[in-house]
Amino acid sequence: MAGTQQTSRSDTPGIDRLRQEVVDFLGAQVEHLAEKAGDKVADVTDQLGQVVENGGVLPKVGARVLQGDSPLKAFLGEKAKSVKDNVVDK
């Protein structure tokens, strides 16, 4: 086996660079996804904060569901009341 040449890790700088580029790319993708997830959580938190501050339909829907209404019936009923109230106010 005198003619067989083994490639050691030090003989493959291209592979090492490719490996590092893949690791860097994947790290950047994970960071980007984490930022997007953080933005989504912040948006949901803001929306929930607005519901708490302004009342809104959601707490009323929850109360109706706890009293035995189906979620769909409770939502539609409260939405209809909200529309009616807006029309009457105008």
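Helices H2 and H3 lie oblique to each other, packing at an angle of about 140° with their axes 9 Å apart. The model is a predicted one. Its protein chain has three helices and zero strands, in the order α-α-α along the sequence. Of the 90 residues in the protein chain, 7% count as buried. This briefing deals with H2, its packing against H3, and Arg64.

**How H2 and H3 are arranged**

- The angle between H2 and H3 is about 140°, and angles over 145 degrees would count as roughly antiparallel, so the pair is classed as oblique.
- The crossing of H2 past H3 is right-handed.
- By class, the contact of H2 with H3 is made up of six nonpolar, two polar and six charged residues.

**Residues in the H2–H3 contact**

- H2 contributes Val57, Lys60, Val61, Arg64 and Val65 to the contact.
- From H3, the residues met by H2 are Pro71, Lys73, Ala74, Phe75, Gly77, Glu78, Lys79, Lys81 and Ser82.

**The two sides of H2**

- Helix H2 covers residues 57–66, and its buried residues are Val57, Val61 and Arg64.
- Viewed down the H2 axis, these buried residues fall within an arc of 60°, so they line one face of the helix.
- The buried residues of H2 pack against helix H3, which runs over 71–89.
- Leu58 and Leu66 are on the other side of H2, where they are exposed.

**Arg64**

- Arg64 is found in helix H2 and is one of the residues through which H2 meets H3.
- Arg64 has a relative accessible area of 17%; the cut-off for buried is under 20%, so Arg64 counts as buried.
- Apart from neighbours within four places in sequence, Arg64 is in contact with Asp69, Lys73, Ala74, Gly77, Glu78 and Lys81.
- Among these partners, Lys73, Ala74, Gly77, Glu78 and Lys81 are also listed in H3 as residues met by H2.

**After the end of H2**

- Gly68, just after H2, takes a positive phi of about 115°.
- Asp69 is among the residues in contact with Arg64.

**Points to check in the structure**

- Which residues of H2 are buried, and which helix do they pack against? They are Val57, Val61 and Arg64, and they pack against H3.
- Which residues on the other side of H2 are exposed? They are Leu58 and Leu66.

How values were computed
Residues numbered from 1 in each chain as written. Predicted model: local features only at pLDDT ≥ 70, side-chain atom pairs only at ≥ 80, totals over all residues. Heavy atoms only, no water. Buried < 20%, exposed > 50% of the residue type's maximum accessible area, 1.4 Å probe, protein only. Helix = DSSP H or I, 4+ residues; strand = E, 2+ residues; numbered from the N terminus. Arc of directions from axis to C-beta. Contact = heavy atoms within 4.5 Å. Axes fitted to C-alpha atoms, helices over the stretch in contact; angles between N-to-C directions. Parallel < 35°, antiparallel > 145°, perpendicular 65-115°, else oblique. Left-handed = near helix turned anticlockwise from the far one by under 90°. Nonpolar A, V, L, I, M, F, W, Y, C, P; charged D, E, K, R; others polar.
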